[in-house]
Amino acid sequence: MRLDIITCLPRLLESPFSDSILKRAQDKGLVTVKIHDLRPYSTNKHRTTDDYAFGGGAGMVMMIEPIDRCISALKAERTYDDIIYMSPDGELLSQSIANQLSLKQNLILLCGHYKGVDERVRQHLITREISIGDYVLSGGELAAAVVADSVIRLLPGVLNDETSALSDSFQDGMIAPPVYTRPAEYNGWKVPDVLLSGHQAKIEDWKQEQSLKRTKERRPGLTS
Ligand code: ADE
């Protein structure tokens with residue numbers, strides 16, 4: 001998979017891709033992540049990428065030209081399955097959207113800032129809009145990192161144990177069961193006996209039961 005992320009604040013995206021699973025996925029050649037600074041695509045003297053809103057109002061608006069030039073340069077190199085704008089009013093990110101995106105070959109994520117992007121970007125250049133929740137972030141960068149993480153960890157070979165992404169919460173419409181590790185007792189707080197029993201069938205039953213209980217308590221909407 002190839003992921004191109006367009007931003008006017010590229011430094012905000014350095015650390016999420018320089019550590020742990022996302023770094024390993026790139027090192028293994030399973031995903032290529034390229035961060036594109038919008039500034040060099042600006043044609044004005046000061047290389048600005050935003051301007052005042054027509055009709056007035058607080059906040060700057062990201063201009064269409066640098067975004068169009070950047071997207072066009074990328075599209076000249078390859079075909080993209082989706083060009084996604086990160087926006088609080090996009091469709092809500094879910095496990096199912098992450099699963100869908102993990103099957104794509106080439107994706108662009110466009111990060112908005114200020115009061116958003118010129119509406120013509122959304123009308124003519126974007127194929128999909130995604131929000132990571134009903135709250136407003138200062139920009140789309142952190143949201144893009146969340147989308148990228150949720151997608152990249154699903155790519156075959158990224159996680160050591162192939163089954164562990166499949167057993168994530170939400171993959172089967174359920175919350176994952178609780179997990180424990182050593183010591184078996186701490187401060188008098190004990191690990192459930194069944195997990196120490198060595199009886200695999202009973203352990204699986206217990207996990208299933210706990211998963212269902214948690215889902216009913218925490219995300220009742222998932223089970224209905
Ligand atoms: N940009 C600002 N807020 C956002 C959100 N909640 N999701 C995606 N992009 C955003």
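Author: Helices (H or I, at least four residues) and strands (E, at least two) are DSSP runs, numbered from the N terminus. In these terms, Pro183 is found in the loop between α6 (163–166) and β8 (185–186). The model is predicted: local features need pLDDT of at least 70, side-chain atom pairs count only at pLDDT 80 or more, and totals for chains, interfaces and linings use all residues. Residues are numbered from 1 along each chain as its sequence is written, and side-chain values use heavy atoms, without hydrogens and water.

Reader: What makes the peptide bond from Arg182 to Pro183 cis?

Author: Its omega is near 5°.

Reader: What is notable about the phi of Arg47, and where is this residue found?

Author: Arg47 has a positive phi of about 55°, although it is not a glycine. Arg47 belongs to the loop between β2 (32–37) and β3 (50–52).

Reader: Which residues are the closest of those that surround the ligand?

Author: Ser87, Ile132, Gly133, Tyr135 and Leu137 are the closest of the 13 surrounding residues, each counted because a heavy atom lies within 4 Å of the ligand.

Reader: Why is the approach of the ligand to Tyr135 called a polar contact?

Author: A polar contact is a pair of N or O atoms within 3.5 Å. A ligand nitrogen atom lies 2.8 Å from a polar backbone atom of Tyr135, and therefore the pair qualifies. By the same limit, the backbone of Leu137 qualifies at 3.0 Å from a ligand nitrogen atom, and that of Ser87 at 3.2 Å. The protein covers 96% of the 260 Å² of accessible area that the ligand has on its own (Shrake-Rupley method, 1.4 Å probe).

Reader: How many residues of each class make up the shell around the ligand?

Author: The shell has eight nonpolar, five polar and no charged residues; Gly counts as polar and Tyr as nonpolar, while Asp, Glu, Lys and Arg count as charged.

Reader: Which strand gives the most to that shell?

Author: β5 does, with three residues. Both β5 (82–92) and β7 (128–131) supply at least two.

Reader: How is the protein chain divided into domains?

Author: Domain 1 spans 2–152 and domain 2 spans 169–223, with bounds from an automatic or database domain assignment. Their centres, taken over C-alpha atoms, are 37 Å apart.

Methods. A polar contact is a pair of N or O atoms within 3.5 Å; within protein, one must be able to donate a hydrogen and the other to accept it, and residues adjacent in sequence count only if both atoms are side-chain atoms.
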